[in-house]
Amino acid sequence: FMPYQNMTDDDVQALISFMRSQPPVKNKIEKTEWSFVAKALMAFGVMKPESPKVAPPKSLTPDTTAAYGEYLAVNVANCKGCHTRMDPNSGALVGQPFAGGNVFSDAFTKGHSMVSPNLTPHPATGVISSWDFPRFKTRMQGGRVLDYTPMPWGALSRLTDNDVKAIYAYLKSLPAVDHKIAKTDYAPGEKPPVYTNTAAKN
């Protein structure tokens, strides 16, 4: 669910240049140990690296269009990865795009279970369907409110105004999906529902 292979050549080069400019940090990372199931999935070709379906563009000119917003929301910020229901076993995105329903519960969430909301413009169940651009911009650039949310508010707060406009335009252009997320924050001990996200597009 990490689609960064579709970033433009220029953006990948910029990312590499930035990482190489950082001071070195000595931090030994232990080798990843795959479970028996994961080894079996890889051996039978069920779980394998996914190549880009089309050749990524060399560059894109940043603007405020929905098309550029799609590039940011899908390939750079990866909004789609968290806001589209995922198969917990394969990692494949199986829900309707941006309709929410993923549950995050790990050490970072401090015992809470966080559920990604529906970002499609459905008037009844889309969390930002009634938001105008100023409200969307204020929230996107406003930083973290809850210290245990997995949402990368720090990084999003540094988006340019034009980047935010493009993402807003793209989210507003999505098909409206009637998929109600009852709430997004479940306290420690509360069990969130299992979302199936089978609602039809309107």
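**Reading cysteines, core and sheet**

Q: Why does the sulfur of Cys-79 form no bond with the closest cysteine sulfur?
A: A disulfide is a covalent bond between the sulfur atoms of two cysteines. For Cys-79 the closest cysteine sulfur, in Cys-82, lies 8.4 Å away, too far for a bond. The structure holds 0 disulfides (pairs of cysteine sulfur atoms within 2.5 Å).

Q: On what basis are these values given?
A: This is a predicted model, in which local features need pLDDT of at least 70 and side-chain atom pairs count only at pLDDT 80 or more, whereas totals for chains, interfaces and linings use all residues. Residues are numbered from 1 along each chain as its sequence is written, and side-chain values use heavy atoms, with hydrogens and water left out.

Q: Is Cys-79 buried or exposed?
A: Buried means under 20% relative accessible area, exposed over 50%, and partly exposed in between (1.4 Å probe, protein chains only). Cys-79 is buried, at 16% relative accessibility, whereas Cys-82 is partly exposed at 30%.

Q: Which residues touch the most other members of the largest nonpolar core?
A: Such a core joins buried Ala, Val, Leu, Ile, Met, Phe, Trp, Tyr and Cys residues through side-chain atoms within 4.5 Å. Here it has 23 residues, and those touching the most other members include Phe-98, Phe-136 and Tyr-170. Helix α7 (161-173) gives the most to this core, with 6 residues.

Q: In what order do the strands of the open sheet lie?
A: Strands (DSSP runs of E, at least two residues, numbered from the N terminus) pair if DSSP finds at least two bridges between them. The order is β1-β2-β3, with antiparallel pairing. β1 (103-104) and β3 (185-186) stand at the edges, each with a single partner strand, so one side of each lacks a neighbour in the sheet.

Technical notes: Helices (H or I, at least four residues) and strands (E, at least two) are DSSP runs, numbered from the N terminus.
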